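User: Please take a close look at one place where two helices of this model meet, and then follow the chain outward from there. I am a first-year student, so careful, connected explanations would help me.

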Amino acid sequence: MAARSEKPSYMTMIPLWLKIAYTLFLCVLVPAYWRMADAGPRNFLWFSDIALLATGAALWLENSLIVSTMAVGVLLPEIFWNVGFFVRLTTGRSITNLSEYMFESRRPLFSRLLSLFHVFLPPLMVWLIYVLGYDERAFVAMVLVSLIVLPVTYAVTEPKHNINWVHGWEGKRPWGLSPRAYLALLMIAFPVVVFLPTHLLLRAIF
């Protein structure tokens, strides 16, 4: 399903209360993360954080391309985050490192509660695509975004933060790759392993 045709200016497809509630949440989260996150403002280079902020813009603009692009970029990792989180929450077993920080007592509880955006963001993006339509340009757009974000993340962040895994996967670089060779591999892997399957699935469904 392609993006819906342009609507009259007096019509809106997204409830105003949702736009306001989401914006208020961002007004709380952004300064809190800026101050409390391990990487400070650089924490917003995570694809999931970029998607969180961009979805706010998509809500107000009712823009299919923005939300489609962010969905292509983060839906698959967000699903793994949620599976890991709820398995650990209900069984105590750890099956992925993606959400392990949610159970680290050294981290402020308020910060961890704010990170529950990972729970509501995926269904919200899917619902927005249902309402606004899926824009097939999203795959190319997300590839372009990643080709900018990944090198920037590598340049300005520290290995201990490993944002977007630019410094290694679970602390390691496969096959003894150099840091830059690993980054180049990552810039290929994201589009092939994450973005393309999600794009094909969303295009097929919507």
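Analyst: In this predicted model, the axes of helix H3, which covers residues 64-91, and helix H7, which covers residues 179-205, come within 8 Å and cross at roughly 105°. Angles of 65 to 115 degrees count as roughly perpendicular, and therefore H3 is described as roughly perpendicular to H7. On the H3 side, the residues that take part are Ala 71, Val 72, Gly 73, Leu 75, Leu 76 and Pro 77, and they meet Val 193, Val 194, Phe 195, Thr 198, His 199 and Leu 202 of H7. Sorted by character, the residues of this contact between H3 and H7 comprise 9 nonpolar, 3 polar and no charged ones.

One of the residues on the H7 side deserves a closer look. His 199 lies in helix H7 and has a relative accessible area of 6%, so it counts as buried, the cut-off being under 20%. Apart from its neighbours within four places in sequence, His 199 is in contact with Val 72, Tyr 134, Glu 136 and Phe 139, and Val 72 is also among the H3 residues that meet H7.

A second histidine can be found in the loop between helix H6 (138-156) and H7, namely His 167. With a relative accessible area of 15%, His 167 is buried as well, and its side chain reaches the backbone oxygen of Thr 157 at 3.3 Å. When the neighbours within four places in sequence are left aside, the residues in contact with His 167 are Tyr 154, Thr 157, Glu 158, Pro 159, Asn 162, Arg 173 and Tyr 182.

Turning to another part of the chain, helix H1 (residues 16-36) has 21 residues and reaches 30 Å from its first C-alpha to its last, which is close to the 30 Å expected at 1.5 Å a residue. Its buried residues are Leu 18, Lys 19, Tyr 22, Leu 26, Leu 29, Ala 32 and Tyr 33, and what covers them includes helix H2 (47-61), helix H4 (109-114) and helix H5 (117-132).

Leu 18 serves as an example from helix H1, since its relative accessibility of 15% makes it count as buried. Leaving aside neighbours within four places in sequence, Leu 18 is in contact with Leu 59, Leu 124 and Trp 127. The C-alpha atoms of Leu 18 and Trp 60 are separated by 9.6 Å, although these two residues are 42 residues apart along the chain.

Terms used:
Residues are numbered from 1 along each chain as its sequence is written. This is a predicted model: local features need pLDDT of at least 70, side-chain atom pairs count only at pLDDT 80 or more; totals for chains, interfaces and linings use all residues. Side-chain values use heavy atoms; hydrogens and water are left out. Axes are lines fitted to C-alpha atoms, for helices over the stretch in contact, and angles run from 0 to 180 degrees between N-to-C directions. Helices (H or I, at least four residues) and strands (E, at least two) are DSSP runs, numbered from the N terminus. Angles under 35 degrees count as roughly parallel, over 145 as roughly antiparallel, 65 to 115 as roughly perpendicular and the rest as oblique. Contact means heavy atoms within 4.5 Å. Ala, Val, Leu, Ile, Met, Phe, Trp, Tyr, Cys and Pro count as nonpolar, Asp, Glu, Lys and Arg as charged, and the others, Gly among them, as polar. Buried means under 20% relative accessible area, exposed over 50%, partly exposed in between (1.4 Å probe, protein chains only). A polar contact is a pair of N or O atoms within 3.5 Å; within protein, one must be able to donate a hydrogen and the other to accept it, and residues adjacent in sequence count only if both atoms are side-chain atoms. The expected span of a helix is 1.5 Å times one less than its number of residues.
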